[in-house]
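Let's take a walk through a protein together, starting in its middle and ending out on its surface. Keep the picture open while you read.

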Amino acid sequence: MKPWHEDDSFWKDVEDVLFPERRREIAAGEIENVIARLDLKPGSHILDLCCGVGRHSIELAKRGFRVTAVDRTKKYLDAARERASKEGLGIEFVHEDMREFMRANAYDAAINMYTSFGYFRDPADDEKVLGNLYRSIRPGGRLLMDLMGKEILARMFKERDWYEGDGFIILEEREVKESWSWIENRWIILRDGERKDLHLSHRLYSAAELQGLMKSAGFRTTEAFGDLEGGPYNHQAKRLVVVAKK
């Protein structure tokens, strides 16, 4: 069987869970903070790795940045391309796995948002992704990664949880494994009288672990924040946001 992240049916089943209208609406504010964290100059060329339905790519393009948006899920890319076309935005969309995409010294900055890292069982794959990002960014350029840090998850951890979305109910079960380096998740989605039972898993990184991995990939400096607004990564952090400079 394919791993969950390579299963197109999985991404189809969770599209409305991952990208409700509210999350699309807050993308503009998120990008304003990304621009500040990366100190982006007008006209910069930005790589959005694992762009999903393109909510951040579109906001960057609206502000005049040149954007390359990469994702392995064709359905999401098609939706992003259609929306960009309607808004008259010239975004380059690339259908490729993040372990394979690399363009040497092509970008002024790169972003990887919304816990789109750590899916792979082999840690060497994560190292490869960061190595490709390092090689793709120009000297002096920056990378911003946004994910759920291990410390935050430990603070708020629940074995079971549920919530109601727009037209669906989702029940979640979580199991931490391998000395807090891996998490197994089960999602039961109830929608239109149907039930979907889905499984996903990913590696967990602390701030220090992710920063160490970035430095091993070649980045000269790293800084961790507790949110996209630039708050400290402490006991009140909402997300793990790390900015690395080549």
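What follows goes from the cores to the rings, then to the hollow spaces, and last to a few single residues.

Some ground rules come before the tour. This is a predicted model, where local features need pLDDT of at least 70 and side-chain atom pairs count only at pLDDT 80 or more, while totals for chains, interfaces and linings use all residues. Residues are numbered from 1 along each chain as its sequence is written, and side-chain values use heavy atoms, with hydrogens and water left out.

Let's begin with the greasy part. A nonpolar core is a set of buried Ala, Val, Leu, Ile, Met, Phe, Trp, Tyr and Cys residues joined through side-chain atoms within 4.5 Å. Buried here means under 20% relative accessible area, exposed means over 50%, and partly exposed is in between, using a 1.4 Å probe and protein chains only. The largest nonpolar core has 47 residues, and Val14, Phe117, Leu143, Leu210 and Met214 are those with the most contacts inside it. Pick out Leu143 and look around: leaving aside neighbours within four places in sequence, Leu143 is in contact (heavy atoms within 4.5 Å) with ten residues' worth of names including Leu38, Ala110, Ile137, Met214, Phe219 and Val243. Apart from this core lies another one, of 27 residues, with Leu60, Phe93, Met113 and Val241 among them.Now for the rings. A pair of aromatic rings is described by the distance of the centres and the angle of the planes. Rings of Phe, Tyr and Trp (its six-membered ring) pair if their centres lie within 6.5 Å; planes under 30 degrees apart count as stacked, over 60 as edge-to-face, and the rest as tilted. By this rule there are eleven aromatic pairs. One of them joins Trp4 and Trp11, a tilted pair with 5.7 Å from centre to centre and 45 degrees between the planes. Trp4 and Trp11 are both buried. They also belong to one aromatic cluster, formed by Trp4, Phe10, Trp11, Phe19, Tyr76 and Tyr119.

Rings can have charges over them, too. That label applies if NZ of Lys or CZ of Arg is within 6 Å of the ring centre and within 35 degrees of the ring normal. Arg37 lies over the face of Phe225, at 5.6 Å from the ring centre. Arg55 does this with Tyr114, at 5.4 Å from the ring centre.

On to the hollow spaces. On a 1 Å grid over the protein atoms alone, a cavity is a set of points where a 1.4 Å probe fits but cannot get out, while a pocket is an open set with protein on both sides within 12 Å along at least five of seven lines; lining residues have an atom within 4 Å of a point. Grid points are joined across faces, edges and corners, and a volume is the space filled by probe spheres set on the points. The second largest pocket has a volume of about 160 Å³. Trp4 and Phe10 turn up again in its lining, which also includes Met1, Asp7, Asp197 and His199. Which strand gives the most to that lining? Strand β9 (residues 194-203) does, with three residues. Helices (H or I, at least four residues) and strands (E, at least two) are DSSP runs, numbered from the N terminus.

As for closed spaces, the structure holds one cavity of 30 Å³ or more. The largest cavity has a volume of about 40 Å³, and among the residues lining it are Thr115, Phe117, Leu147, His202 and Tyr205.

Next, find the loop between β7 (169-177) and β8 (182-191), the place of Ser179. Phi of Ser179 is near 55 degrees, a positive value in a residue other than glycine. Trp180 sits in the loop between β7 and β8 as well, and has a positive phi of about 65 degrees although it is not a glycine. Are these residues buried or exposed? Ser179 is exposed, with a relative accessible area of 74%, whereas Trp180 is partly exposed, at 30%.

Finally, a few stops elsewhere. Pro139 is found in strand β5 (residues 137-147) and is exposed, with a relative accessible area of 67%. Leaving aside neighbours within four places in sequence, Pro139 is in contact with Asn105 and Lys246. Ala28, in helix α4 (residues 27-38), is partly exposed, with a relative accessible area of 25%. Not counting residues up to four places away in sequence, Ala28 touches Glu59 and Arg63. Ala28 and Leu60 are 32 residues apart in sequence and 8.5 Å apart in space, C-alpha to C-alpha. Now try Asp166, in the loop between β6 (160-164) and β7: Asp166 and Leu133 are 33 residues apart in sequence and 35 Å apart in space, C-alpha to C-alpha.
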